[in-house]
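Trainee: I am new to this structure and would like a close look at a single part of it, taken slowly. Could you walk me through one strand and its surroundings, and then show me how that part sits within the whole?

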Amino acid sequence: MREITLTINGESYTREVHEHRTLLHFLRDDLGLTGTKEGCGAGECGACTIIMNGAAVNSCLVLAAEANGSVLETIEGAAKDGTLSALQSAFHEHHAVQCGFCTPGMVMSATDLLRRNPNPSRDEIIDGIEGNFCRCTGYEQIIEAILAASKEGKSHA
Amino acid sequence: MLEAIPADQLKHVGKKTDRIDSKAKLTGQATYVSDMTLPGMLYARVLTSPHARARIVSIDTAKAEAIPGVRAIVVGDELDYRLGLYVVDKAILAKGEVRHYGEAVAAVAADTLEIAEQGVEAIEVVYEELEPVLHPLKALEADAPLVHPDLSDYSYMEAAFTPQPGTNVANHTKLRKGDTAKAFEECEWIIERRYTNPSVQHVPMETHVAIVQWGHDDEVTIWSSAQSPFTLRNLFCTAFGMSHQKVRVIVPYVGGGFGGKAGIGIEPLVAVLSRKAGGRAVKLTATREQEFSLLPCRSQLTYNIKTGIREDGRILAQELTMYWDSGAYADYAVNVTRASGYSAGGPYDIPNAKVDAYTIYTNKPFGTAYRGFGHVEFFWGLERHMDLVAEAIGMEPLEFRLKNTLGPGSTTLTGEKITANTGNITKCLQTAAEAIGYRKLTSKEKAREKETGLKIGKAVVGLHKAPAMPPFTATTVILKMNEDGSVTANLSLVDYGQGTYTAVQQIVAERLGFDVSQVKVAFESDTDRDPYDWQTVASKGLLLSGNAAILAAEDLLKNAHEVAAQALRAQAVDLAHDNEKIFVRHHPESAVTFAQLAIGYAFPNGNSIGGPLVGVGRYIAQGLTHLDKETGQGLPAIDWTYGAHGLTVEVDRETGEYNVLKVVSVFDVGKVINPDEVRGQAIGGMLQGLGTATCEGYIYNEQGRLLNPSFTDNKIPTARDLPLEVDAIAIETPQIDGPYGARGVGEHSMIGVAAALGNAIQHATKAELTHMPIRYEDVWRALQKREPVDNWITKSPYGSCRSAPEIIKHDC
Amino acid sequence: MLHEFSYVSPSSMDELLTFLEESGERSTVFSGGTDLFVTIRSGLSRPDFVVDLKGVKELGLLTFDPAEGLSIGACVTVNQLIEDTDVLRHYSVLRDAGSELATFQLRNRATVVGNVVTASPCGDMSSPLLCLGARVKLASAGGEREMPLGEFITGVKRTQIAPNEIVRAITVPIDHLDAVGGYKKLKRIKGHDLGVVAVAMITANDVSRFAISSAAPTPVLLPDFPANVEVAEVQKAAQEAISPISDVRCTKEYRSFMVDVFIRRLMEAA
């Protein structure tokens, strides 16, 4: 066991963690932040995508122990004060959600993408979410939602 | 149930409406079974078979039992239960013999997942390997080992299926229409070919997961990521010989199903662990790898089609033979076989037909329902065949199809008469053709060919499917009015992403005359509290539950109006309502609000009438029959949804690499309830179909070991794999007994995509492909006229990826 | 992870190397974990200690010096590499190959050195690094050593690294600075996939170099060619050098065929 302190969605947490525990399981099982999903456990599907120190990562392949001192963003922090982010709203409006299991990881990848590239082309959006499997939607409405969110971001700028 | 309301007077049906579940899912607040823990809950792991077929000589659990924190271990010999919906052929854990790679042999429940895994690793199993039977055609041979020597002891649904004890045939669906032998004599051409496809995994993003608590006094509670709470409960109770009121099934949000979570799955195994652990709740989450082999897949199919064509291009006769490889257990595959059998000719008018569809046991992971229920598989062969026949007889493929489509006056293979309201396949085909500019290349496409050196090909294919379900399939919707006059709908159809609950919300709001914001459709289905629904399968949810929702709304209004008539001292016939109140038509100021009526109306002096308002809508499939076992004649289809895909591809004629440029999918949905959801179903299913078409499939070695049970070697489409351009178009030929004229479209989008790709590649390059998926290498081999590669069972002469077979032409 | 291990995070090179010296084969080092944690999860690897290199700051350095060339520290991620302007300018083939590796979020963790040390025949980074004449710098408590990348990888998932040793960095000399070239990779889908077969090529100073992945137990570097070499000559040399197998991903015939196609495409584009 080892003690770690980290910041998740702006709040500080200090916990004893098993050293073999993945960050994903720490979030889900130790902290009850179950919004982040596990789809394969092997870094292929992207369902566990979170933003760690400003970079999107597969949390199933990160150890909780490594994350000591990190700043994490998960789906639970995407909406602020009960209001969906522009990206979440766009997903809602474009019916970019079906079963919803890939959705948290997808939103986190797209959030990271729009930070790096506020006005991505369709092709750049596809690059940004290529690491997130979705078995339901066929991606089209997700791509449309991200495009809409990026334009909206621009018009608000 | 068609409500003949002009489209411009509809307030909610057909209008853009938000999904009711997307905010919960977008914020991570939607809770799936995989997210749940219960007090004192144990974690389970499963020991699975490394062999395709082996005798279990011994299982020693002593070392596992000695591990601190291991609370329960179960093995097959201690469990005397059998599971199944149609053919009851599966034990909870392998008994005596393992029948497929990945089959569950033992399971451990422990305080932590880590300890459970240590327990599984400490179990010692001695196997005596036996020769597996891997290919369905081999399994039919007289000396083939029997996968189920005890087949004669199994119970099954006798009205529909025909297991053949002493063989590996779990079912033989027969259909005879007209006289094919006589018709073939009148044919100008007879063309016969064989088409194949491997097993495929559903890949729901949430793997199978269940929590079960076998409580005091045999009260069992099951939380499961499942499609069908009531059928799950029914099969569970049947297997364990328990009263239905003892067992409660709860299904919260579900992370995808696609058929793989229909029926019953890992729940009985988790239940016996909980029972053995003294009633502590136990959770089992399938790993992604287990999802491929412990859990079921889609069956492999070998499809032989022999078609006779008259001089003018009319199909006169077809002999259709399907060999469905069910794998080790055929419970569900028998019904895939049956549903595909009666649908086997596609949306075409076949006056003389002979269908023989066999469900065959082999020593492989077992097949179950998968979006399309057999149609994705056989439409690969059928629509490839339509193109190859057209080419062989010198007709343009779309013209050939249009000449043979079903229409008013024609009859289906089972003898059902097609009417003007059945749907319009001709219009679907024509619309798809138009949408991709089927007949020639645009100037842009010509320029692209010139620039890339790649050859562009286009294809249009047709499709149809009816819900595959028992003739007595039924559902209920209950509407409860809340104190403020809003309503809550309860139903046990499960919305695991399709969006049906949003459609039900729109339908209820439409029929009540309420705003959609006044109607809640409650997520989480609970067999103790919600009314019955058979299963969430077969694209039947919208039609059956939609109708039940209309009936529930009408019942609620009738009940409300009755109380209002007393409250207002008016005749019920003189009352009308809006979304807030019921009023007297000729004295609108004489009114009572729904809020005043919701839990019973109280007069000013305290006298009260009515009581809490509910509306009940029950609906059962109308007029369906079992099929005659010898002729297959009867009425199996509550509705037929027709559709077509137009597909444009560019192919590198040197390497076989290709890019799908455009897919337009067209469906006759009767009536669009929610345009965005129709689009989501259409495009989502199309890409899933493209996955099947391009890259997905089980690969075994000669010992029957599955070689690609993970995302490393079983790829599924990513965003990068979406065609450059996609679109979906709805045709609306109202279904007379559909809610507001609607019919289902959940599965149809996946059907026919593979054939559209194969045909378009052939149009571009002349590569003749008869096996899917179509990998670049397969196209290359077909173009090179090389021996087709066979790695679906490596180094076996069977199950091959036959990319360049000969056309068998019969002299006439 | 269901396999229990201890996490060790040394903060200096000394501490790291001493620990490895003492723990020997009971330890496995990692930085991104994108390979190690997959193999631990599948039961293929069961270390007692997983040793995080990221605490050793010097291992995170990516440096370029016009005289010395490029040095890629053990903890430099693939995304760091492919976003680096010096890499883009002087070693564009690394960018070409790196951007084909897995997914964006995986590349945020996966390291260039890790991709090489894993020594998978289908790794994306080894063949372009071979073309560029990369060298491997190893360190242990006993000292440092250095060898050409081609000697370092000895077989499928086998290298010359000792249990007490780490790869400190991979260096790329200036011999092929500003080379033009590219990386062609056969995948089973359009999206992320490991390389079913891949070819890297560079041309600089009138010399063309080719390396091939997933076509032999180790990545194969072909002999140098003059830049004006005929396509057929390179193809002939390639076919002699590779020994592809048939597996669930592809047959050896198609692998061989696509090697020729990729060589031609790379040469035509150059």
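**A strand of chain B and its surroundings**

Mentor: In strand S16 of chain B, the bridge partner of B:Tyr303 is B:Met322, and this pair is a good place to begin in what is a predicted model. The pair belongs to a longer match, in which strand S15 (residues 300-309) of chain B and S16(B) run antiparallel and are joined over 10 bridges. Between these two strands the hairpin has five residues, and among them B:Gly313 takes a positive phi near 95°.

On its other pairing, S16(B) is joined by 10 bridges to strand S17 (residues 352-361) of chain B, and here the two strands run parallel. Within that pairing B:Asp325 stands opposite B:Ile360 of S17(B). To get from S16(B) to S17(B) the chain passes through helix H9 (residues 333-341) of chain B, which makes a β-α-β crossover that is right-handed. As background, strands of a sheet pair through backbone hydrogen bonds, either parallel or antiparallel.

How many of the 13 residues of S16(B) are buried? The count is 12 of the 13 residues in strand S16 (residues 315-327) of chain B, so this strand is largely enclosed by the rest of the structure; a residue counts as buried here if 20 or more other C-beta atoms lie within 10 Å of its own.

Now widen the view to the domains. The domain assignment divides chain B into domain 1 (7-30 + 473-620), domain 2 (33-132 + 208-285) and domain 3 (300-469 + 626-809). The C-alpha centres of domain 1 and domain 3 of chain B lie 39 Å apart, and their contact takes 22 residues from domain 1 of chain B and 27 residues from domain 3 of chain B. On the domain 1 side of that contact, the elements that give two or more residues are helix H14 (500-512) and helix H15 (541-568) of chain B, and H15(B) gives the most, with six residues. By class, this side of domain 1 of chain B divides into nine nonpolar, 11 polar and two charged residues.

Chain B also has a helix whose buried residues can be followed one by one. In helix H12 (residues 425-435) of chain B, the residues B:Ile425, B:Cys428, B:Leu429, B:Thr431, B:Ala432, B:Ala433 and B:Ala435 are buried. These buried residues of H12(B) pack against helix H11 (397-404), strand S18 (455-465), strand S29 (641-651), strand S30 (658-668) and strand S31 (725-731) of chain B. After H12(B) comes B:Gly437, whose phi is positive, near 60°.

From here we can step outside chain B and look at what it touches. The contact between chain B and chain A takes 41 residues from chain B and 39 residues from chain A. Helix H1 (22-26) and helix H17 (675-694) of chain B each supply at least two residues of the side that touches chain A, and the largest share, eight residues, comes from H17(B). That side of chain B has 17 nonpolar, 13 polar and 11 charged residues. Chain C meets chain B as well, in a contact that takes 15 residues from chain C and 22 residues from chain B. The chain C side of this contact divides into seven nonpolar, three polar and five charged residues.

For a contrast with the strands we began with, turn to a sheet in chain C. Five strands there form an open sheet in the order S4-S5-S10-S6-S7, with antiparallel pairing. Strand S4 (62-65) and strand S7 (143-148) of chain C stand at the edges, each with a single partner strand, so one side of each is left without a neighbour in the sheet. From one strand to the next the twist averages 20°. At one of these edges, four bridges join S4(C) to strand S5 (residues 69-73) of chain C in the antiparallel sense, and C:Asp65 stands opposite C:Gly69 in S5(C).

Chain C, finally, has its own domain assignment, with domain 1 (6-55), domain 2 (57-172) and domain 3 (180-269). The C-alpha centres of domain 2 and domain 3 of chain C lie 20 Å apart, and the contact takes 20 residues from domain 2 of chain C and 22 residues from domain 3 of chain C.

Conventions:
Residues numbered from 1 in each chain as written. Chains lettered and ligands numbered in written order. Predicted model: local features only at pLDDT ≥ 70, side-chain atom pairs only at ≥ 80, totals over all residues. Pairing = 2+ DSSP bridges. Axes fitted to C-alpha atoms, helices over the stretch in contact; angles between N-to-C directions. Right-handed = clockwise from strand over helix to strand, strands pointing away. Domains from an automatic or database assignment. Contact = placed C-beta atoms within 7 Å. Nonpolar A, V, L, I, M, F, W, Y, C, P; charged D, E, K, R; others polar.
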